[in-house]
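Work through the exercises below with the coordinates open. Each task is followed by a stepwise solution.

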Amino acid sequence: MRDSFSTYHPIINLIYFVAVLACSMLFMHPVFQLIALLSAMIYSILLKGRRAVRFQLLYMLPLLIVMAVMNPLFNHAGVTILFYLRNGNPMTLESIMYGIAAAVMYVTVILWFSCYNAVMTSDKFIYLFGRIIPALSLIFSMVLRFVPRYAAQVKVITYAQRSIGRDITQGSILARARHGIRILSIMITWALENAIETADSMKSRGYGLPGRTSFSMYRFDRRDRVVLIIMLGLIGGIVGSACFGQNAIRFFPSIRMSSMTTGSIFGFAAYGCFCLLPVAIRLVEDMKWKSIESKM
């Protein structure tokens, strides 16, 4: 089923992802990080299904473990010494906790960017920034499409070469290397031709010229206004909680975080509601749809 949050106005999608990415990178409090990580995992699974589960288990989980382990091996700051390594450097509780927090932050940001890539399509980005920065928005949209589109094209070329016995899994080692170079050559040729065709197409349509009009399917309607008001209210609550130091944490020289108060609980609740906003929108839309189906 199509993601409901993706059907909202592009400015709503952009504000949400800018805010949630900024919060994920700025707030190191464990409760904030846990909320952001779980929300990003749930939304990613809703958007991509099994592919998201496989991506999280095969890539994100090992990355999180490696980063959490590597940091205390090189960072020995902190006053709580747990034991000493063979080279004489201390292993401190603060460096371990900071490594875990940094790893969670890194994985969370990657997951949010994967959701952003699925929701903020290139036409949405060009719609928002095409008139302000036409050249840069076009390049940026092409860059965002680079990895998934080129990965799909590599599969197409590989399957075509495999059908004629020129895959990298066929033949001797020298033949496999030659087949791989041929696939890479075909891929580079396709990419260059595609870039030239895109540039010529946009130029022939007058892209970036002053006074040029363009068709757009996006309208800022009532539901966008309602969600924008909710988002601004939640962002205000999060920022207010942060300004009063309710979610502050310090790792060095010793771990120290703000105590649990009514203000901090309010900040956690606002942040949780904000991170889970797309999931809540989708659940509400699903319930509405099922209700309509039951009455038919």
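## Exercise 1: The surroundings of I186

Leaving out neighbours within four places in sequence, I186 is in contact with I157 and Q161; contact means heavy atoms within 4.5 Å. The model is predicted: local features need pLDDT of at least 70, side-chain atom pairs count only at pLDDT 80 or more, and totals for chains, interfaces and linings use all residues. Residues are numbered from 1 along each chain as its sequence is written, and side-chain values use heavy atoms, with hydrogens and water left out.

Task: state in which helix I186 is found, and classify its accessibility.

Solution.
- Step 1. I186 is found in helix α7, residues 173-204. Helices (H or I, at least four residues) and strands (E, at least two) are DSSP runs, numbered from the N terminus.
- Step 2. The relative accessibility of I186 is 31%, so I186 counts as partly exposed. The classes are buried under 20% relative accessible area, exposed over 50%, and partly exposed in between (1.4 Å probe, protein chains only).
- Step 3. Add a C-alpha distance. I186 and T158 are 28 residues apart in sequence and 10.0 Å apart in space.

## Exercise 2: Two partners of α1

Task: give the crossing angles of α1 with α5 and of α1 with α4, then classify both pairs.

Solution.
- Step 1. Take α1 (residues 10-26) and α5 (residues 122-129). Their axes come within 10 Å and cross at roughly 95°. Axes are lines fitted to C-alpha atoms, for helices over the stretch in contact, and angles run from 0 to 180 degrees between N-to-C directions.
- Step 2. Classify the pair. α1 and α5 are therefore roughly perpendicular to each other. Angles under 35 degrees count as roughly parallel, over 145 as roughly antiparallel, 65 to 115 as roughly perpendicular and the rest as oblique.
- Step 3. List the contacts. P10, I11, N13 and L14 in α1 meet K124, Y127, L128 and F129 in α5.
- Step 4. Turn to α4. The axes of α1 and α4 come within 9 Å and cross at roughly 170°. These two helices are therefore roughly antiparallel to each other.
- Step 5. List this interface too. On the α1 side are N13, Y16, F17, V20, L21, S24 and M25; they meet M105, T108, V109, W112, F113, C115, Y116 and V119 in α4.

## Exercise 3: Three residues to classify

Task: are G99, L64 and M91 buried or exposed?

Solution.
- Step 1. G99 lies in helix α4, residues 93-119. Its relative accessible area is 1%, so G99 is buried. Beyond four places in sequence, G99 is in contact with M67, A68 and N71. G99 and I65 are 34 residues apart in sequence, and their C-alpha atoms are 9.6 Å apart.
- Step 2. L64 belongs to helix α3. At 19% relative accessibility, L64 counts as buried. Its contacts, leaving aside neighbours within four places, are A103, V104 and V107. From L64 to R149 there are 85 residues in sequence and 27 Å in space, C-alpha to C-alpha.
- Step 3. M91 lies in strand β2, residues 90-92. With 7% relative accessibility, M91 counts as buried. Not counting residues up to four places away, M91 touches P72, L73, T80, I81, L82, F83, L85 and I96. The C-alpha atoms of M91 and T80 are separated by 8.5 Å.

## Exercise 4: A peptide bond

Task: which peptide bond is cis, the one that joins F252 and what residue?

Solution.
- Step 1. Recall the background. Most peptide bonds are trans.
- Step 2. Check omega. The bond joining F252 and P253 is cis, with omega about 0°.
- Step 3. Place the proline. P253 lies in the loop between β3 (249-250) and β4 (256-257).
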